[in-house]
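The report below describes a predicted model. It takes up a sheet, then the nonpolar cores, and then a helix.

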Amino acid sequence: MKNFFTYTAVLILLSSCSDVIELDLNNTDSKLVIDAVIERNGELGVTFTRIQLTRSAGFYDEELVFVNDATITITDANGNLTPIPFRADGVYDSNFPFITINDPTENSYTLTINDNGDLYTATENLELTVPFTEVEQQTISGFGDDITEITAFFTDPEGFGNYYLFEYTDIDNEEVDTRDDEFSDGNRTQTTFFIEEAVPGTVATIRIKGIDQRCFSFYETLLQQAGEGDGGPFATQPAVVRGNIINTTDSARFPFGYFRISEVFEVDYTIE
């Protein structure tokens, strides 16, 4: 009993002496953060464009700063210009179907963003991909709680340097993965996601997206820094990761983020 009261007294003393200390960090100037994608559904042949603009903030700032007054356009290889309208909370999107698959090498598109006089641009080509062929589920036991392993298979095209971006989403989970075909060119290959506390009957959507080598390296670096499955690729970065978008007005005020154009296939899978 004496030891109990001594232990309690120490806890009270320690809790009463704790202070919250905020370090005076050196914050850089706020930069534009751009998450810009054009995705063409490989089954339906429709194209969706989504760009979200925010600003970088200090370490202790918890709220996102949305950019709602920018002007955004997409220009194709023939000079045809398409405005991308603002929706809400920094999001600009459009369902305008301006990508065709006649010759992917001619599918060059330029993103232009005017943010209070600063012009940001990036030019990318459509990256094709392939659909999933099947999905399998297994349960991994022996490590405490059971973990559900969901594997989606696809056949890599032979003779191409292919790079892939995968997304897994359900009502409670969102995971991202990347892969190249260095060791699987022309063969049946896979992407695997590990889900804790999966609920039977939950519908998960798994997507495969075509990306190029530079985009693959960008996502690989972000996933390594953020920790795969811990915050996702757009979590706070411990170091600057430069994307493919440049500030043509002032190169010192370079943005964060990336502009990619992907063909996408997806499959819905019900967890057993």
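Two strands are taken to pair if DSSP finds at least two bridges between them. By that criterion β4 and β8 are partners, since six bridges join these two antiparallel strands in the predicted model. They belong to an open sheet of five strands, arranged in the order β5-β4-β8-β9-β16 with antiparallel pairing. The edges are held by β5 (81-83) and β16 (246-247), each of which has a single partner strand, so one side of each is left without a neighbour in the sheet.

The pairings of β4 and β8 with their neighbours can be set side by side.

| Strand pair | Sense | Bridges |
|---|---|---|
| β4 and β5 | antiparallel | three bridges |
| β4 and β8 | antiparallel | six bridges |
| β8 and β9 | antiparallel | eight bridges |

Individual residues show how these strands are aligned. On β4 (residues 71-76), Thr75 stands opposite Leu81 in β5 and also opposite Thr110 in β8, while Thr71 has Asn114 of β8 as its bridge partner. Leu111, in turn, is matched with Ala122 in β9. Two of the connections are hairpins: β4 and β5 are joined through four residues, with Gly79 in the turn at a positive phi of about 90°, whereas the hairpin of β8 and β9 has two residues between the strands and Asn116 takes a positive phi near 55°.

How are the side chains of β8 divided between its two faces? They alternate, with Tyr109, Leu111, Ile113 and Asp115 buried and pointing to one face, while Ser108, Thr110, Thr112 and Asn114 point to the other and are not buried. For β4, five of the six residues are buried, so this strand is largely enclosed by the rest of the structure.

Several of these residues reappear in the nonpolar interior. The largest nonpolar core has 21 residues, and those with the most contacts inside it are Ile34, Ile51, Leu53, Ile72, Leu111, Ile113 and Phe259. Two or more residues each are given to this core by β1 (32-41), β2 (47-55), β4, β8 (108-115), β9 (118-125) and β17, and the largest share, four residues, comes from β1. Leaving aside residues up to four places away in sequence, Ile34 touches a set of residues that includes Ile51, Leu53, Ile113, Tyr120, Ile245 and Phe256. Apart from this core lies another, of 16 residues, among them Phe193, Ile195, Ile208 and Ile271.

The helix α2 (residues 213-226) has 14 residues, which at 1.5 Å a residue should span 20 Å, and its end C-alpha atoms are indeed 20 Å apart, so the two values agree. The buried residues of α2 are Cys215, Phe216, Phe218, Tyr219, Leu222, Leu223 and Ala226. Seen down the helix axis, these buried residues fall within an arc of 160°, and they therefore line one face of α2. That spacing fits a general property, because an α-helix has 3.6 residues a turn and residues three or four places apart point the same way. The cover over the buried residues of α2 includes β12 (163-169), β13 (174-180), β15 (203-211) and β17 (256-270). At the N-terminal end, Asp212 caps α2, with a side-chain oxygen 3.4 Å from the backbone nitrogen of Arg214.

Key:
Residues numbered from 1 in each chain as written. Predicted model: local features only at pLDDT ≥ 70, side-chain atom pairs only at ≥ 80, totals over all residues. Heavy atoms only, no water. Expected span 1.5 Å × (residues − 1). Buried < 20%, exposed > 50% of the residue type's maximum accessible area, 1.4 Å probe, protein only. Arc of directions from axis to C-beta. Contact = heavy atoms within 4.5 Å. Polar contact = N/O pair within 3.5 Å; in protein donor to acceptor, adjacent residues only side chain to side chain. Core = buried A, V, L, I, M, F, W, Y, C linked by side-chain atoms within 4.5 Å.
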